[in-house]
Amino acid sequence: MCLAIPARIVELEKDNAVVDAMGNRWRAKTTLLPEAKLGDLVLIHAGFAISLVDEEEAKETWQLLAEIADFDQTKNKLSG
Amino acid sequence: MLERIHKAQTVMDAACKTLGRQINIMEVCGTHTVAIFRNGIRSTLPKRLKLLSGPGCPVCVTDQSYIDVVLQMADRDDCVIATYGDMIRVPGKGGSLETKNTKTNVKIVLSSEDALQLAKDNPGKTVVFVAVGFETTAPATAVVVKEAAEQNIDNFCILSGHKLVVPAMRALVSEKNHNIDAFLCPGHVSVIIGYGAFAEIVEHFSRPCVVAGFEPLQIIEGLAEICRQLSAGKAELKSVYPAVVSERGNTTAQKIMAECFEEADGYWRGLGKIEKSTLKLRDKYSRFDALKRFNMTEVPGEDTSGCRCGEVLCGLIEPPECSLFKKACTTESPVGPCMVSSEGACAAWFKYGPER
């Protein structure tokens, strides 16, 4: 439950942001990370940015999430 | 990468040899538990290195009394329950939020902001936000409580089940018969509280505390770092997740959390009452406290008969030692919260199997 996902801020007005991770976009708040700027990569947890994150770390996590999605799909196919 | 894995394994093997006994490392984070199982990490470890899945899954540690209060509120016609999806299947007296949802007054939200929006959209109902989670999640609740106060959204309230990780760790190592040599500390909780928060566990209890992220290599290197310390007879504080975890953490989030909440004694499943381990709303925000609004109290109850989630959470037994495991209790039809939550130890054992 405490997993946070890296995403890029692609729109920002006050503390209302739209973030993008691997092409998925959703709304998030930057209230807890006032230093966040448009274009920054941030960790998002439960709709809030909680930390800045660097490009390399974000890519590693995205890759991991993609692998998990693949794994779960394969597993579902095998069991279903 | 292979070279780094090999190096970490050499360190772990050497520590087991030097100490000549079993080493017990507890992870206190449900996301770590899942990552460890999913990546088959247990099977790569030396036989004498044992991982214990501690009280790191917020759903699992939520006391039965809290669940029962939520279910009572769900029975009210004047309430809408806004909950993170994780809580929906936890069984309590007379069902779960999922089975109570015949009146469709239970809504799954992805964010506390969505819960507040539900209140704005349903002025005729009181929206109760099921606020569970550790320090990673609590600041998000604090933000919306402040917002509700500023905007006078009086049909919004929260049932705070927020918990603090360090007091639970302290409680575990304060027990006389505990078997924990070290802690692998949660990555994203530490983003908020900073790795410095674990200093007291290192200093007062001489237990190594190493913060790691969720990639397999980081987990393995975190475990190796713990082994290095143990074999040298040391207990140190370290983060192997420097990309996002600092010593002081996110001070803005800490400030908002402290403005809204104060520490209070509270009940944990399996661990009982722990001093200053939960967050309750400060007096100035007490009008948003669901318990006060509906004049209810959480009565510490008994866990479901036969369910041994409590012992699993303390690292005292492994899930297969529970007689319900894989028999009366499965992921399809869970009895206890450690099987309900996808991050629970029982669910991880069930889904990924015993590797050893």
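Here are a few worked exercises on a predicted two-chain model.

Residues are numbered from 1 along each chain as its sequence is written, and chains are lettered from A, with ligands numbered from 1, in the order in which they are written. Since this is a predicted model, local features need pLDDT of at least 70 and side-chain atom pairs count only at pLDDT 80 or more, while totals for chains, interfaces and linings use all residues.

**Exercise 1. Find where confidence is lowest and highest in chain A.**

Step 1: pLDDT is the predictor's confidence in each residue, from 0 to 100. Chain A averages 87, and 85% of the residues score at least 70.

Step 2: go element by element, where helices (H or I, at least four residues) and strands (E, at least two) are DSSP runs numbered from the N terminus. The low end is helix H1 (residues 55-79) of chain A, with a mean of 72. The high end is strand E5 (residues 48-52) of chain A, at 97.

Step 3: a word of caution. Where pLDDT is low, the predicted coordinates should not be read in detail.

**Exercise 2. Work out how strand E4 of chain A sits among its neighbours.**

Step 1: check burial. A residue is buried if 20 or more other C-beta atoms lie within 10 Å of its own, exposed if 12 or fewer, and partly exposed in between, with C-beta atoms placed from the backbone. Five of the five residues of E4 (residues 41-45) of chain A are buried, so the strand is largely enclosed by the rest of the structure.

Step 2: look at the two faces. Leu41(A), Leu43(A) and His45(A) point one way, Val42(A) and Ile44(A) the other, and all are buried.

Step 3: list the partners, given that two strands pair if DSSP finds at least two bridges between them. Strand E1 (residues 5-13) of chain A pairs with E4(A) in the antiparallel sense over four bridges, and Ala7(A) stands opposite Val42(A). E5(A) is also joined to E4(A) by four bridges and runs antiparallel to it; here Ala49(A) is the bridge partner of Ile44(A).

Step 4: inspect the turn. E4(A) and E5(A) make a hairpin with two residues between them, and Ala46(A) in the turn has a positive phi of about 45°.

**Exercise 3. Describe the parallel sheet of chain B and its helix H2.**

Step 1: get the order. This is an open sheet of five strands, E2-E1-E7-E8-E9 (chain B), with parallel pairing.

Step 2: find the edges. Strand E2 (49-53) and strand E9 (237-239) of chain B each have a single partner strand, so one side of each is left without a neighbour in the sheet. From one strand to the next, the twist averages 20°.

Step 3: zoom in on one pair. Strand E8 (residues 209-211) of chain B is joined to E9(B) by three bridges, with Lys238(B) in E9(B) as the bridge partner of Val210(B).

Step 4: add the helix. Helix H2 (residues 30-38) of chain B packs on the sheet and touches strand E1 (23-27), E2 and strand E7 (182-185) of chain B. Its direction makes about 120° with that of E1(B) (axes are lines fitted to C-alpha atoms, for helices over the stretch in contact, and angles run from 0 to 180 degrees between N-to-C directions).

**Exercise 4. Characterise the interface from the chain B side.**

Step 1: count residues, with contact meaning C-beta atoms, placed from the backbone, within 7 Å. Chain B supplies 32 residues and chain A 22 residues.

Step 2: ask who contributes. Elements of chain B giving two or more residues include H2, helix H6 (112-121) and helix H12 (251-260). Helix H9 (187-193) of chain B is also on that list, and H9(B) gives the most, with four residues.

Step 3: sort by class. Chain B's side has 17 nonpolar, 10 polar and five charged residues (Ala, Val, Leu, Ile, Met, Phe, Trp, Tyr, Cys and Pro count as nonpolar, Asp, Glu, Lys and Arg as charged, and the others, Gly among them, as polar).

**Exercise 5. Compare the surroundings of Asn152, Lys276 and Trp268 in chain B.**

Step 1: Asn152(B) has a positive phi of about 50° although it is not a glycine. Asn152(B) counts as exposed because it has 7 C-beta neighbours inside 10 Å.

Step 2: Lys276(B), in strand E11 (residues 272-281) of chain B, has a positive phi of about 45°. With 14 other C-beta atoms within 10 Å, Lys276(B) is partly exposed.

Step 3: Trp268(B) lies in strand E10 (residues 261-268) of chain B and is buried, with 22 other C-beta atoms within 10 Å. Beyond its neighbours within four places in sequence, its contacts include Pro55(B), Lys163(B) and Ile274(B).
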